[in-house]
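Student: I would like to examine the interior of this protein with you. May we proceed by question and answer?

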Amino acid sequence: KYCVHTENCFVPTSEIIAVEETEHNKKQRNIGKWQKMEKPYAFTVYYVKRARNHRWRCSDVTFWCVDEHLCNQWIQALKEILEMQKSRPKHLLVYINPYGGKRQGKRIYEQKVAPLFSLASISTDVVITEHANHAKDNLFEVNINKYDGVVCVGGDGMFSEVMHGLIGRMQKDSGVDQNNPKAPLVQCNIRIGIIPAGSTDCICYSTVGISDPVTSALHIILGDCQPLDVSAVHHNNTFLKYSVSLLGYGFYGDILKDSEKKRWMGPIRYDYSGFKTFLSHHYYEGTISFQPAKHTLGSPRDKDSCRTGCYICKKSEQQLTEQHKESGLKHEEDEEEWKVIKGKFLAINAVNMSCACPRSPKGLSPAAHLADGSADLILVRKCSRFDFLRYLVRHTNHDDQFDFSFVDVYRVKSFQFTSKLSEDNESNVTDIGKKRFGHFCRDHPACCCNIANSTWNCDGETLDGSAIEVKVHCQLMKLFARGIEENCKDEAAHSQSSNEQLL
């Protein structure tokens, strides 16, 4: 490795952003012998500097010398080293949602992100979205092969739109029928970058460790790559949605359904709807059927959090690949045993990642992994309001949120759900489904026979699927990220000790 040694830190070349010749009148060095020089020569190295809480910043150091030829040699040598970083993007397609969050997406990109891309010599084609699904539809039309990645500026909804467009485009180009729930999907090798600018930035927070536009931009510039599992949701052999974070029925579905009616309130609508939903205390009766993820090394209740270069994700992906090779043409999903659980539930949550956010730093499932080919299925059974409150509070502290008699959690690779309404319609349920599923209903204070359905919360978007089947696709897509770093200071020290050659 090569690195630049400044007065107080070592910088791996993999984290250098750019190298530029520095004009004498642009950066004056007013100390020591540089004052006496008639025309000193200089170059500036821009690099990533780590701050607290996984925040990254662009810093710089300037080197001065009296020999113009020597200065040019250094500049050329460093630029050649940067050219060797083949994973770095050179041309990006950028979608900006000007309406999401606090309507600051365009300003955030132009003021904080675009200058960094320009510094790193990244060219961009920018599209300002004008309506819902603009980015998704556009991705089916553009020449996607000319880009090294797609960047979305907005919240989780904007990311979901870009993800659906990109994955859908890959399946269309490969001739894969997305409506077939058993079809092996083609992996998407074009990375997605997330510049957080929305009401909720859960996906960015769970994959980078912070929702910060500059930090995310620097991860994109360095060409980081983080594989990500994607869950495909189907109903009656019809594709509905993809999910990378939360599929929530009951409590979180009801919150979303109520909050959508109050978008005029801004982000505070989630607090209002959450409190209202908590007081209503609705529960839903029925049956969940799922396949355990036997290929994974970890479990939802261990302390092995998913971090940069996660060992569990790598080994689980290897074991899943080996299983598929061994199964050959056999229908693995049909042969493996399904586990069936009946009961009354306040919440049914399936998460592909921790779903951490500033209010809940651990998330819904602290040990969930980004790329192990599984989801954590969390079943919260009917309990008192006080007990349910105790469960919710544990998402904000360090206590084990699964340590309750009314909470079950399983690591699964697929699951299915149906409701009483869909069970009554034979065309909506497969023969297997008829045998496995009961019905879901909400007890009414006056009449327990009043049957109603909750709404699925699919990555912050409503999904009115009364009968769905979900399958996790291992590492279907990739992000411009590296997962959450364990400890920035420790990693910086490691980088310093591991460098083989210094500049």
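The exchange below concerns a predicted model and takes up its cores, one histidine and its cavities.

Student: Which helix gives the largest share of the largest nonpolar core?

Tutor: The largest nonpolar core holds 69 residues, and Tyr95, Phe159 and Met477 have the most contacts inside it. Domain 2 (92-224) and domain 3 (231-321 + 337-427 + 450-472) each give this core at least three residues. Its largest share, 7 residues, comes from residues 156-174, that is, helix α4.

Student: How many residues make up the other core that lies apart from it?

Tutor: This other core includes Tyr46, Ile96, Val151 and Leu222. Its residue count is 27.

Student: Is His369 buried or exposed?

Tutor: His369 is placed in the loop between β14 (339-351) and β15 (375-381). Beyond four places in sequence, its contacts include Asp229, Asp304, Cys306 and Arg411, and a polar atom of its side chain lies 3.3 Å from the backbone oxygen of Ala367. Buried means under 20% relative accessible area. Because the relative accessible area of His369 is 2%, this residue is buried.

Student: Which elements each supply at least two residues of the lining of the largest cavity?

Tutor: The structure has 4 cavities of 30 Å³ or more, and the volume of the largest is about 70 Å³. Among the residues lining the largest cavity are Ile192, Cys204, His219 and Phe480. Ile192 is also among the residues that Met477 touches. The elements that each supply at least two lining residues are β9 (191-196), α5 (202-208) and α6 (213-222).

Notes. Residues are numbered from 1 along each chain as its sequence is written. This is a predicted model: local features need pLDDT of at least 70, side-chain atom pairs count only at pLDDT 80 or more; totals for chains, interfaces and linings use all residues. Side-chain values use heavy atoms; hydrogens and water are left out. A nonpolar core is a set of buried Ala, Val, Leu, Ile, Met, Phe, Trp, Tyr and Cys residues joined through side-chain atoms within 4.5 Å. Buried means under 20% relative accessible area, exposed over 50%, partly exposed in between (1.4 Å probe, protein chains only). Helices (H or I, at least four residues) and strands (E, at least two) are DSSP runs, numbered from the N terminus. Domain bounds come from an automatic or database domain assignment. Contact means heavy atoms within 4.5 Å. A polar contact is a pair of N or O atoms within 3.5 Å; within protein, one must be able to donate a hydrogen and the other to accept it, and residues adjacent in sequence count only if both atoms are side-chain atoms. On a 1 Å grid over the protein atoms alone, a cavity is a set of points where a 1.4 Å probe fits but cannot get out, and a pocket is an open set with protein on both sides within 12 Å along at least five of seven lines; lining residues have an atom within 4 Å of a point. Grid points are joined across faces, edges and corners, and a volume is the space filled by probe spheres set on the points.
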